[in-house]
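Please open the structure in your viewer and keep the sequence beside it, ready for selecting residues by number. The tour goes from stop to stop, saying at each one what to select and what is there.

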Amino acid sequence: MKRTIGQSVGRAMRLFGLAAAVLAGGAATAAPGPSVRHHVGPAPAWVDVIPVAAPAAAPDGHQAAEGLRYLLVDQQVRVQGADRQSYRHVAVQPVNEQGLSSAANLDIGFDPSFQRLTLHWVQVRRGPRLIPKLATAQVRILQREQGLESLMFDGRRTAHLVLEDVHVGDVVEYAYSVQGANTVFRGRHFGGFVFQYGVPVDRIRARLLWPHGRAIHWKEDHAPPSVRSARLGDMDLHEWEATGVPARPVESDAPAWFDPYPTVSWSEFADWADVAAWARPMYQPPTEPGPRVQAVAARIAGQHADPDQRLIAALRLVQSDIRYLGIEVGAHSHEPHAPDLVLQRRYGDCKDKTLLLVSLLRRLGLKADAALVHTSQRGAVAQWLPSPAPFNHVLVRAEAGHRVYWLDPTRLPQTGGATTLTQADFGRALWLTEGATGLVTMAGPSAVTHRRELKTVIDASDGVGKPARYTVQTTTRGMAADSMRQAFGHQSRDTLEKQYLNYYAGRFGDVRPVAPYVVADDPAANELWVTERYEIGRFWQTAQANGQREAEVFVPELLDYLRQPSQVVRKSPLAIAHPVDLSSVTEVKLPMAWRLQTGRVKVVDPAFRFERDTQWDAATRTVTFTDHYVTLADHVPAERMAQYAENLAKARHESSFTLYHTPGAASTAGGMHALPAVVLTLAVLAVGALAWRLYRWDPVPAGGPPSAGPPEGIGGWLLLPALGLPASVLIHGKNFAESLAAYSPATWASLTTPDHPAYHPAYQPILLAELGVHSIAIIGAVLVTVLFYQRRSSLPRLYSAYAATVIVLSLLDMAAAQVLPATGGDAESTKAGSTALRDVLLTAVWIAYMQRSTRVARTFVRRRHAAGPGASDVTDAVAAPPGPTTDIREAAQAPAAPPAATAHG
């Protein structure tokens, strides 16, 4: 099996410890000597061989990936005593030239230090013909070190087979087995089977032959096929099979711990305490340390009496004096070399450095133990079946001065004292202390938070259109400072200066440095500062034919964190950098006074929080943006991607600021433009004065005084306006608040400035008229609501007049909008028309109800002033009963006072 299957499950196969892992890629070295070779022979007797039939027809698009159709993946394992055999049988069909190259070149990985590779057959099925290929295949054994760039050498070999005469449409079928087990596991076994890949497979089968009566532990993930078990002599057979398995691709930016594939894992280790008991002896320093360890420990003890200082000195010695190099052949894949040997060689991998540091710390009188972790699976190791498989790294847990330290001796030399030292955190660790029973929590995210503080000054005070001086000071602390020191240690100043310049040039365009960067370091506090100075040649961009210029202000590093993911519609979660804590203060010095909108905005998402505070200092003509971005999670679930992308867009919008300047006009950047503010003020005063006059209007009730008994209360259909009128005040207020964005200087300028792409001559009068409409709607709603609850006699007529006015204004507004550039299309216009028709009909119904309802006539009868001398309220008087030919309606409309009493109305 080549590339696609190997890439899909290679990680899981390696972690499970399967001997027949299929590898791809890496750097090939010269072929080894004759002691490393492959063998040719039949399949072992215990293997159940599956015959592969020729496919009935050429595959369609969903059955192939990268030009290959996988017909069979058969994996079988047999454990007997300390020995283990793994058999693998694959059938694949190239459906085009791309797949042909992969199918005709096969890679099989094995470790010759404890494994024996046997090739059983390689054959090509072409129609009814079966063509043997093993005898003619070119087989070369290559040493392809996967960890070469990371200075790790594991001694694995790759058998590379080149097949001749393979055609598109052939079925390439091969089988092999690998025998042997790494002695480091002391005769104990663990592994697993995967039943889905990133490509579709016609048939997947797995078999495990296990000694009867020998303990084994199981774990199933993501609903694998059901197991079929049977007794075969002194062995137990466990078998799983799946057919027609669809592809399950995982996006490349998914978290490393995300593994959605159906899996069965098995292990002889009962629990984490059992795993710790296996690993602990390998990390126990010798009872009597070697002479080199004793000499180094004595030197540190002579220089430092304080336990914390001894710990820091030992850590720095291992980090700085022992270079990283891993020779992980055979048992040394997990077992460290002796500390004295490591000191003599002056190199070692994580295992070697850890045991050396543990040895030194214990010799110095400190408590120290090794701890197993996984650098990418992190806390997800808790979901694994206990075995050595979930771990790929080892480090030190130490105690000094009543404090716990998690130390990674493979890092570059760290600075800072005991309280500022950056500790290691990979979520969960298997602490190899005596009596360990399970995984423990490490230092916590706060120990490795990427903290950065930016202070940026953009000096544009020379004038609009002139270059701006750009100065940025980056303050890093903790792990961020360690990373910055590492960058300075690995690369030259010239290289870094070019990188920094290209970074800003890619964002601002015309940028040139005006001085070399300056570095200041405080190792004791573990803080580092970098100051850079540039000049932005085209800070002001000409955007309009009338000479208007624009300058966009943003924080490049912040926008990098707020970048939209490449795939929003996805099935896998999205991994994000975490934990990140970025604070930024940006000062922009301007050549003149500027109108802008100040205040604070906040965008909160389950994955991050962003805040911006904008302030203007008129004395120095400086606008200051204070930003804070902090991550709250290390990933975003797939079902939350739409919300996450929306919040990212909001935060990105809020994190950018554009300055506008038109020659001869006031410069803007935020806030409400002067003309709309003046119009709004006049409209509020005018509508408010009219509302006060209408509130004082005190007419005779429309139907006259009630004919008998007290007035009726608010009930029946009047309950609807009783609830709706207060709500209308809130709705009109909300509509007004949402419309304010159109009156910001930037938007106002774009809509009302000729030659701007968004300009239209109708925008200004319509937007100004809208202010009057909002004033009438809000103040009128308040007036009618007050009159309604006071049950004033003027309510029915004013309610009707207000409702009619609002509906007429709405229709006029809709008509005016038709002259503006279309924003919603025909569907939106149709929807708006239907809504308007509904509103007109409802308004007509309520106006008729207010004018003709008996309940309304008997409810709204109170007057602001008394009807005559000595009467407190007209509603206290009761009219004479109607005559025999007068109905109740006529009585209700009879005058309640002499005509002279209504002259003021």
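What follows is a short walk through a predicted model, beginning with two loops and ending with two helices.

Select Q115 to begin, which is found in the loop between strand 5 (105-110) and strand 6 (116-126). Because its relative accessibility is 9%, under the 20% limit, Q115 counts as buried. Now add D111 to the selection, and look at its backbone nitrogen, which lies 2.7 Å from a polar atom of the Q115 side chain.

The next loop to visit is the one between strand 9 (152-153) and strand 10 (157-162), where R156 has its place. R156 also counts as buried, since its relative accessibility is 17%. If you then select L142, 14 residues away along the chain, you will find its C-alpha atom separated from that of R156 by 8.7 Å.

Move on to helix 12, residues 674-696, and pick out L682 within it. L682 counts as exposed because its relative accessibility is 54%, over the 50% limit. Together with V678 and L685, L682 forms a nonpolar patch on the surface, with about 310 Å² of accessible area for the three together.

Finally, select helix 13, residues 719-739, whose 21 residues should span 30 Å at 1.5 Å a residue, and whose end C-alpha atoms, 31 Å apart, agree with this. Where along helix 13 should you look for a bend? Go to L725, where the helix bends by about 25°, with a proline, P726, following within four residues. Colouring the buried residues of helix 13 will pick out L725 again, along with P721, A722, S728, H732, F736 and S739.

Note on methods. Residues numbered from 1 in each chain as written. Predicted model: local features only at pLDDT ≥ 70, side-chain atom pairs only at ≥ 80, totals over all residues. Heavy atoms only, no water. Helix = DSSP H or I, 4+ residues; strand = E, 2+ residues; numbered from the N terminus. Expected span 1.5 Å × (residues − 1). Bend = angle between axes of the 7 residues up to and from the residue. Buried < 20%, exposed > 50% of the residue type's maximum accessible area, 1.4 Å probe, protein only. Polar contact = N/O pair within 3.5 Å; in protein donor to acceptor, adjacent residues only side chain to side chain. Patch = residues over 30% accessible without salt bridge, like charges linked within 9 Å, V, L, I, M, F, W, Y side chains within 5 Å. Areas by Shrake-Rupley, 256 points an atom, 1.4 Å probe, with all protein chains shown as cover. Salt bridge = Lys/Arg side-chain N within 4 Å of Asp/Glu carboxyl O.
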